[in-house]
Amino acid sequence: MTNTMATSSPVLRTAYQKSVAAYWNAEKAPVNLLLGDVDGLYHHHYGIGDYDPSVLKGPADTRDDQIIKEMHRMETAQADFLLNHLGNVHANDRLLDAGSGRGGTSIMAHQRFDCPVDGVSISESQIEFATTQAEGHGIADHVRFHFLNMLDTRFPAGSYRGIWTDESTMYVDLFELFAEFSRLLTHGGRYVCITGCSNDVTGGRSKAVSRIDEHYTCNIHPRSEYFNAMASNGLVPINVVDLTAQTIPYWELRAKSSVATGIEESFLTAYKEESFHYLLITADRI
């Protein structure tokens with residue numbers, strides 16, 4: 001059952017939000033589902049690190065299964081890397097996964113920190129899927145997913161020690177988003193973001209980045225906008241890691257897999273021409 005909160009205004013406030021929700025409600029891409037089938041952790045993000053080249057040399061009848069397992073290992077490594085940057089989280093702290101997808105990272109966060117985790121998404125089908133996963137892991141009392149808008153969660157101010165977004169910020173206005181996160185975080189609370197962003201230095205959105213936008217019904221922000229929006233909302237960056245080179249192997253392997261979607265070339269072009277960056281940003285709420 002979808003978790004919701006009583007509210008007098010709709011979760012989906014604009015035609016664009018409704019179109020994004022419709023996209024993710026209908027999405028059943030094997031690249032998300034088959035990878036999650038490996039161990040029951042379903043992610044909606046990309047991977048980092050080098051891949052094991054031996055997976056491309058195995059017997060034809062098992063080669064693709066090995067590629068899928070390796071891609072899932074890389075996307076789980078990305079989630080682990082994000083969680084590493086949340087700082088000292090204790091069992092009595094609360095965490096928020098904003099744009100929680102099918103729930104894999106929320107489940108990992110609870111398994112690591114033994115604390116309550118809330119996930120929010122504007123996709124009702126994702127919320128139902130993620131809730132089922134939490135129930136299957138026996139942690140539904142601690143990891144809850146809510147059909148709510150990350151721009152206006154209605155959760156109490158100062159509720160969270162940590163918040164993260166993992167490839168979900170390109171669907172929202174960053175100034176509005178970070179104002180909500182600043183409201184939700186305790187003083188000294190931490191926000192961690194992994195995102196793709198366009199490179200201001202190249203002077204505008206490249207053709208490859210525009211194709212990514214069109215493919216995912218999103219609106220990729222320039223790199224500078226993240227830092228401007230944070231500065232306007234009391235979020236002070238403490239760490240920035242350029243993961244661009246570390247994510248290229250994932251896309252090279254994905255392009256050779258049965259779950260390729262056709263967008264792989266655009267990602268590889270954008271990364272290699274440096275019109276697109278893949279960043280982790282850690283910021284503290286002052």
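Student: Where does the largest share of the lining of the largest pocket come from?

Tutor: From helix 1, with six residues. Keep in mind that this is a predicted model, where local features need pLDDT of at least 70 and side-chain atom pairs count only at pLDDT 80 or more, while totals for chains, interfaces and linings use all residues. Residues are numbered from 1 along each chain as its sequence is written, and side-chain values use heavy atoms, with hydrogens and water left out.

Student: How do I read "pocket" and "helix 1"?

Tutor: Rolling a probe the size of a water molecule over the atoms shows where empty space is left. On a 1 Å grid over the protein atoms alone, a cavity is a set of points where a 1.4 Å probe fits but cannot get out; a pocket is an open set with protein on both sides within 12 Å along at least five of seven lines; lining residues have an atom within 4 Å of a point. Points join across faces, edges and corners, and volume is the space filled by probe spheres set on them. Helices (H or I, at least four residues) and strands (E, at least two) are DSSP runs, numbered from the N terminus.

Here the largest pocket holds about 650 Å³ of space. Of its 44 lining residues, Trp 24, His 44, Glu 167, Ser 168 and Tyr 171 are the closest to its centre. Elements that each supply at least two lining residues include helix 1 (15–26), helix 2 (30–36) and strand 7 (276–285).

Student: How many cavities of 30 Å³ or more are there?

Tutor: The search of the whole structure finds one, with a volume of about 90 Å³. Among its 13 lining residues, the closest to the centre are His 44, His 45, Gly 99, Ser 100 and Thr 105. Helix 4 (104–113) and strand 4 (160–166) each give at least two residues to that lining.

Student: At what angle do helix 3 and helix 4 cross?

Tutor: Axes are lines fitted to C-alpha atoms, for helices over the stretch in contact, with angles from 0 to 180 degrees between N-to-C directions. Under 35 degrees counts as roughly parallel, over 145 as roughly antiparallel, 65 to 115 as roughly perpendicular, the rest as oblique. Helix 3 (residues 60–84) crosses helix 4 at roughly 55°, their axes coming within 10 Å, so helix 3 is oblique to helix 4. Contact (heavy atoms within 4.5 Å) brings helix 3 residues including Thr 76 and Leu 83 to helix 4 residues including Thr 105 and Phe 113.

Student: And how do helix 9 and helix 10 pack?

Tutor: Helix 9 (residues 244–255) and helix 10 (residues 264–272) pack at about 155°, axes 10 Å apart, which means helix 9 is roughly antiparallel to helix 10.
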